[in-house]
Every structure is written in C-alpha cells, then in structure tokens.
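Please look through the structure below with the ligand as the starting point. The paragraphs after it go from the ligand site outwards.

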Amino acid sequence: MSLIERWRERLPVTARTPIITLGEGNTPLVRADRVAKAANLPPGSVFLKIEGMNPTGSFKDRGMTLAISKAVEARARGVLCASTGNTSASAAAYAARAGLRCIVFLPRGKVAAGKLAQAVMHGAEIIEVAGNFDQALVLANEAAKTRGFALVNSSNPFRIEGQKTAAFEILEQLGRAPDNHFIPVGNAGNITAYWKGYQEGGAKPRMFGWQAAGAAPLVSGRPVANPTTLATAIRIGRPVSWNGAIAARDESGGAIGKVTDAEILAACRFLGRAEGIFCEPASAASVAGLIKLGKNGRAPRGVTVCVLTGNGLKDPGIAARFAPKIRRVKAGGRIKL
Ligand code: F0G
C-alpha cells in the first residue's frame, strides 16, 4: 500500500489528489543490541529505523510522494530543488513517474556518486552550483518563482506532512512511544517532521539531533558560512527549518549535539560490521551521538530509536577510507583461510 493511502486521514489529500507512489514507507525497525552495548545500555533498549530501505534509498521518499502528488494536483509543469543529493534523487524519481520536468541544483563536487547517478538515470536536469548547498538553495528559491514550477525542498509543507508518517510507523512498530529519538540534522526538515508526527500520535520522546562538527549551526547558534564534513548529506550551514529543530529540542526536553567526522565514520563502520547495516555516513551521526553519550555514561535511559536516513550504497566511495585488505590469488591457485 502506498504511504498516502496508508495514512490518508492524517494527510492533506482529497479524493481528487492523484497518488504518485513507488511503494515508500513501511521500513524496518530493527533491534540493535550491539549498539546498545556500545552505548552502555541494556539489551532491547536501542532500535534502528532503516530509512535507506525506501524506494530511492533515503527517507526523502516519504515527503516526496506527497509533494509530487500535490504538484500534479496543482497542474505544475515541473518541480525543482536544491540538494546535497538525496532530495534530488527522490525528486527525480517521483517526477519521472509523474511525467514532470525535474530541475536540481547541486553543490559541485559534494554530491555522493550514487545520488548523482540516480538524478542522471531518472532524467533530472542537473545544474551544478559553484558553491555549497545553502548557496544552491538560494538559486533554487529564485528559480521557483517561475510560473508552473513547484519547489520540493523541505520548505514545502507537503514534504513535512509526508515525512511525519515515519513517527506514526515507529509508534506502531514499537507498540509504544520511544523515550528518546536520535536523528541526524542537516536542513532540519526531518527532525521537525518527526516531532510533528510524534505529537499527532500522542507521543513525546526526547528529541536528540546530531550535526557534523564542521557543520553545526544549531549547536553554536549561528549559521556556518563554510560548512565542512565528509558526511556530505548534512553539509549545511544555514538550515531552513532552524526554528522547527529548536522547537523539537526544547519542547521535548532533548538536545542538539555534534559529532566529529571520525566519530561518524567509526559509527558507520560499527553498524556495518556489528549490526549488518550499511548506511551512508550522515545517517551514522545519530548512532555516533548515542555511542558518544554512552561512553561517558550519559546515554538517556529507556527505549531509544535511532534513524538511519540513507542507504550506504549511495556513497560507495566511503569504503575506500577503511583501507580494505584484499588478498590476490591466481585463478586455479590456492589460498589459506
Ligand atoms: N541524512 C541524510 C542521508 C540526508 O540526505 C539528509 C538531508 C539528512 C540526514 C538531514 O535531514 O535536512 O531534514 O535535517 N539531505 C538533504 C538533501 C539536505 O538535499 O538530500 P534534514
């Protein structure tokens, strides 16, 4: 069932809204006892929401199915967005399915290979910006004034509405509200949407957002002019949903913290090796944050859900950083295990 059909009564759709779907949502929530142990927490206290299992490999598909459906309903000619990669991949796929033009503004040299491949294969019109995401977004916002085009960044309220369904799913899958929700934060649409979804579902977990240390405006309280991190998905210095993130933090009694690239990479590798889950680096920021708190004995008590926002195959280049040991053998040769 499509995400829109599943949650129809909680979404801004009518019988006249065409549903553009790729079968998004309904992603696994898996128990992660090794992560719990690494965070000094008891077995059964940590769960991972694997959003990389969505059709285009990231959480963006939840909001995109609604944003594109509403664009079709409004008879848009096309859609556009700025993106660090995943939004553009998702927009390109759903626009292709809807038969809409899709124009994406991407920061040059800072989009992971898999994401760029998706934009190409789904036929998006790619505009490379000599600048960072924040600067690309300025261009996209300007271009969105063109008649007939809809902006499908998370400033589009339909993106947040579709995205909030992830919180509904977690409540259903756990059979209760989590005590804590850990999530990577870039442009801050996702944390805003989860908080909305939890509240609509009558839940109030503490919201813990995690930024990369070189791109942590919500931690310092000031925009960052030149954000840097190898987690390119969250290489953002001026989050659009700034207020939403702060509200989620303060209303829930949570926190927004930062993790270094080394901590992100370590968590990414740990998830791959100890839990069998390959997520992209930005996604691992949530788990990196939990492990960091846990090492100091400060991981919050109770049940914690960490969101893994994107699939590891999006950014295969990351594996090279782990200097893989590969042995060579001739065909017909022998090898000792
Ligand atoms: N994780 C991944 C894999 C992402 O792609 C993003 C954002 C985030 C986390 C942060 O989510 O922006 O809602 O706080 N990617 C956007 C993009 C910016 O263009 O694909 P957020």
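Helices here are DSSP runs of H or I with at least four residues, numbered from the N terminus. The model is a predicted one. On that numbering, helix 4 (86–98) and helix 9 (189–200) each supply at least two residues of the shell around the ligand.

The ligand is surrounded by 19 residues, and the closest are Ser83, Gly186, Asn187, Ala188 and Thr309. By class, the shell divides into seven nonpolar residues, 10 polar and two charged. Ser83 approaches the ligand through its side chain, where an N or O atom is 2.7 Å from an oxygen atom of the ligand. Backbone atoms take part as well. A polar backbone atom of Thr87 is 2.8 Å from an oxygen atom of the ligand, and a backbone N or O atom of Asn190 also lies 2.8 Å from a ligand oxygen. The ligand taken alone exposes 470 Å², of which the protein buries 98%. The space that the ligand takes is the largest cavity.

Ala188, one of the closest residues to the ligand, sits in the loop between strand 7 and helix 9. Its phi is near 75°, a positive value in a residue other than glycine. Is Ala188 buried or exposed? With a relative accessible area of 4%, Ala188 falls under the 20% cut-off and is therefore buried.

On the other side of that loop is strand 7, residues 180–184, which contains Asn180. Asn180 has a relative accessible area of 1% and is buried. Which side chain does the side chain of Asn180 contact? The partner is the side chain of Thr304, in a polar contact of 3.0 Å.

Helix 8 covers residues 165–174 and is mostly covered itself, as eight of its 10 residues are buried. The buried residues in helix 8 are Thr165, Ala166, Ala167, Phe168, Glu169, Ile170, Leu171 and Leu174. In an α-helix there are 3.6 residues a turn, so residues three or four places apart point the same way. After helix 8 comes Gly175, with a positive phi near 75°.

A further positive phi belongs to Asn40, where the value is near 60° in a residue other than glycine. Asn40 lies in the loop between helix 2 (33–38) and strand 2 (46–50). Asn40 and Ala188 can thus be inspected together as non-glycine residues with positive phi.

Note on methods. Residues numbered from 1 in each chain as written. Predicted model: local features only at pLDDT ≥ 70, side-chain atom pairs only at ≥ 80, totals over all residues. Heavy atoms only, no water. Near = heavy atom within 4 Å. Polar contact = N/O pair within 3.5 Å; in protein donor to acceptor, adjacent residues only side chain to side chain. Areas by Shrake-Rupley, 256 points an atom, 1.4 Å probe, with all protein chains shown as cover. 1 Å grid on protein atoms, 1.4 Å probe; cavity = no way out; pocket = protein on both sides within 12 Å on 5 of 7 lines; lining within 4 Å. Sits in = over half its atoms within 2 Å of the grid points. Nonpolar A, V, L, I, M, F, W, Y, C, P; charged D, E, K, R; others polar. Buried < 20%, exposed > 50% of the residue type's maximum accessible area, 1.4 Å probe, protein only.
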